[in-house]
Amino acid sequence: MRFRLAPVMSPFLALLLAFPAFAQQSYPSRTISIIAPFSPGTGIDILARTCGQKLSERWGVAVVVDNKPGASGNIGTELAARAPADGYTLMMTATTFALNPVLGKARYDPLRSFVPVSLVATGVLSFAVTAKTPANTIAEFLDLARAQPGKLNYASSGNGTPQHLTMELLKLTAGIQITHVPYKGAAEATKDLAGGYVDAMILPVHTVSPLVHAGKVRLLAVLSDERSSVFPAVPTFKEAGLAAVESTVWYGLMAPASTPQNLIGKLNSEINSILAQPDVKEILARQGLIPAGGEPERLSRLVKAEIERWTRVIAEAKIRAD
């Protein structure tokens with residue numbers, strides 16, 4: 001009788017094969033980087049630093065925010081897409097993440113280049129007019145626009161921005177013609193709205209709030225599903241019979257594609273716990289943001305829905321990237 005000896009794995013090979021699993025079990029064991037594809041002080045940057053600080057406190061490792069602004073967020077996003085999928089490089093992103101590829105302004109695929117970690121926060125957008133505009137309701141504004149096609153105008157922080165596309169969605173839905181006046185940034189556009197140099201603009205509720213209280217602009221509607229707690233007397237577009245005109249600012253945490261699911265699950269659990277903390281809710285509230293959270297699939301569904309909707313709007317409005 002012959003006996004066949006089973007092959008013996010060398011200790012070195014066994015250690016090599018076990019290393020990836022061990023590395024995942026010990027995660028995190030070194031510095032984590034959160035890429036913020038916009039400048040310091042922006043909403044993305046504040047969220048990245050808030051979450052990063054809390055993760056650092058919980059895990060006892062350094063979490064650094066790496067600002068990589070430029071090209072509407074594309075520079076930092078493309079850098080994050082090329083990072084190792086080991087959980088040590090993450091990215092805080094926002095609405096433009098889904099818009100830039102649709103506009104042909106990106107070299108990443110929002111559905112294939114990344115895996116979602118968590119939807120972090122959302123913000124309410126509003127439709128505002130200068131105090132000089134003779135309209136006190138959204139119905140009156142639409143009647144004014146229909147009576148004077150092309151005469152009224154609206155400001156945005158640039159071509160292809162969420163505010164620009166949302167206004168084009170309103171134009172398509174309501175059948176009105178108003179002229180787009182793109183600016184190089186939100187600050188200048190908002191200043192001209194307050195000064196009465198442009199007729200209307202879509203902008204976050206917390207941004208427009210001081211101007212409303214100063215009597216320089218008037219809010220006619222909000223673009224959220226429900227009324228804003230900041231301006232509970234202001235109706236939604238849905239209440240005005242324009243349910244399709246719904247849009248929010250959103251922020252999410254992403255990781256490079258192929259990041260192990262157990263790491264994604266661990267990160268998701270921590271982010272959800274962080275967003276429930278009172279001090280974090282207070283920080284977000286100061287930015288006009290509402291904590292979100294939920295499973296990674298919630299962010300995935302949002303990105304897919306955004307791509308589908310804005311692809312249609314961009315095609316119908318014949319919008320081209322700068």
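**Figure 1. The largest pocket and the residues around its centre.** In this predicted model, 33 residues line the largest pocket, and those nearest its centre are Phe38, Ser157, Gln163, Ala186 and Tyr251. The space inside comes to about 940 Å³. Quite a few elements chip in: helix 2 (43–59), helix 4, helix 6 (162–174), helix 7 (186–194), strand 7 (200–204), helix 8 (205–213) and strand 9 (248–256) each bring at least two residues to the lining. Strand 7 gives the largest share, with 4 residues. Sorted by class, the lining of the largest pocket holds 12 nonpolar, 19 polar and 2 charged residues.

**Figure 2. The second largest pocket.** Next up is a pocket with a volume of about 660 Å³, the second largest. Its lining is made of 30 residues, and Thr122, Gly123, Val124, Thr248 and Ile290 sit nearest the centre. Two or more lining residues come from each of strand 4 (114–130), helix 8, strand 9, strand 10 (289–291) and helix 11 (296–316). Which element gives the most to this lining? That would be helix 11, with 5 residues. By class, the lining of the second largest pocket splits into 13 nonpolar, 10 polar and 7 charged residues.

**Figure 3. A cavity closed off inside the protein.** How many cavities of 30 Å³ or more turn up? The count is 1, and the volume of the largest cavity is about 30 Å³. Around this space you'll find Pro37, Phe38, Ser72, Gly73, Asn74, Thr77, Thr93, Thr96, Phe97, Asn100 and Tyr108. Helix 3 (74–81) and helix 4 (96–102) are the elements that each give two or more residues to this lining. Helix 4 has the largest share here, 3 residues. The cavity lining has 4 nonpolar and 7 polar residues, with no charged ones. Phe38 may look familiar: besides lining the cavity, Phe38 is one of the residues nearest the centre of the largest pocket.

**Figure 4. Helix 2 up close.** Helix 2 runs for 17 residues and reaches 24 Å from its first C-alpha to its last, close to the 24 Å expected at 1.5 Å a residue. Plenty of names to pick out along the way: Ile44, Asp45, Leu47, Ala48, Thr50, Cys51, Gly52, Lys54, Leu55 and Trp59 are the buried residues of this helix. Right after helix 2 comes Gly60, with a positive phi near 70 degrees. Helix 2 is also among the elements that supply at least two residues to the lining of the largest pocket.

**Figure 5. Asn268 and its polar partners.** Find helix 9 (residues 261–275), and Asn268 is in it. Is Asn268 buried or exposed? Its relative accessibility is 5%, so Asn268 counts as buried. What does its side chain have for company? A polar atom of the Asn268 side chain lies 2.8 Å from the backbone oxygen of Val117. The backbone oxygen of Gly294 also lies 2.8 Å from a polar atom of that side chain. Beyond its neighbours within four places in sequence, Asn268 is in contact with Val117, Ser118, Gly294, Glu295 and Pro296.

**Figure 6. Asn153 in strand 5.** Here the spotlight is on Asn153, which belongs to strand 5 (residues 153–156). Asn153 counts as buried because its relative accessibility is 17%, and the cut-off for buried is under 20%. Setting aside residues up to four places away in sequence, Asn153 touches Thr179, Val181, Tyr197, Val198, Asp199 and Ala200.

**Figure 7. Val230 in a loop.** Val230 sits in the loop between strand 8 (217–222) and strand 9. With a relative accessible area of 48%, Val230 is partly exposed. Its contacts, leaving out neighbours within four places in sequence, are with Val205 and Ser209. Ala128 is 102 residues away from Val230 along the chain, and their C-alpha atoms are separated by 14 Å.

**Figure 8. Stepping back to the whole protein.** The protein has 11 helices and 10 strands. Its C-alpha trace spans about 100 × 40 × 30 Å along the principal axes. Of its 322 residues, 49% count as buried. Take the contacts between residues at least 6 apart in sequence, and 77% of them join residues at least 24 apart.

Methods
Residues numbered from 1 in each chain as written. Predicted model: local features only at pLDDT ≥ 70, side-chain atom pairs only at ≥ 80, totals over all residues. Heavy atoms only, no water. Buried < 20%, exposed > 50% of the residue type's maximum accessible area, 1.4 Å probe, protein only. Polar contact = N/O pair within 3.5 Å; in protein donor to acceptor, adjacent residues only side chain to side chain. Contact = heavy atoms within 4.5 Å. 1 Å grid on protein atoms, 1.4 Å probe; cavity = no way out; pocket = protein on both sides within 12 Å on 5 of 7 lines; lining within 4 Å. Points joined across faces, edges and corners; volume = space filled by probe spheres on them. Nonpolar A, V, L, I, M, F, W, Y, C, P; charged D, E, K, R; others polar. Expected span 1.5 Å × (residues − 1).
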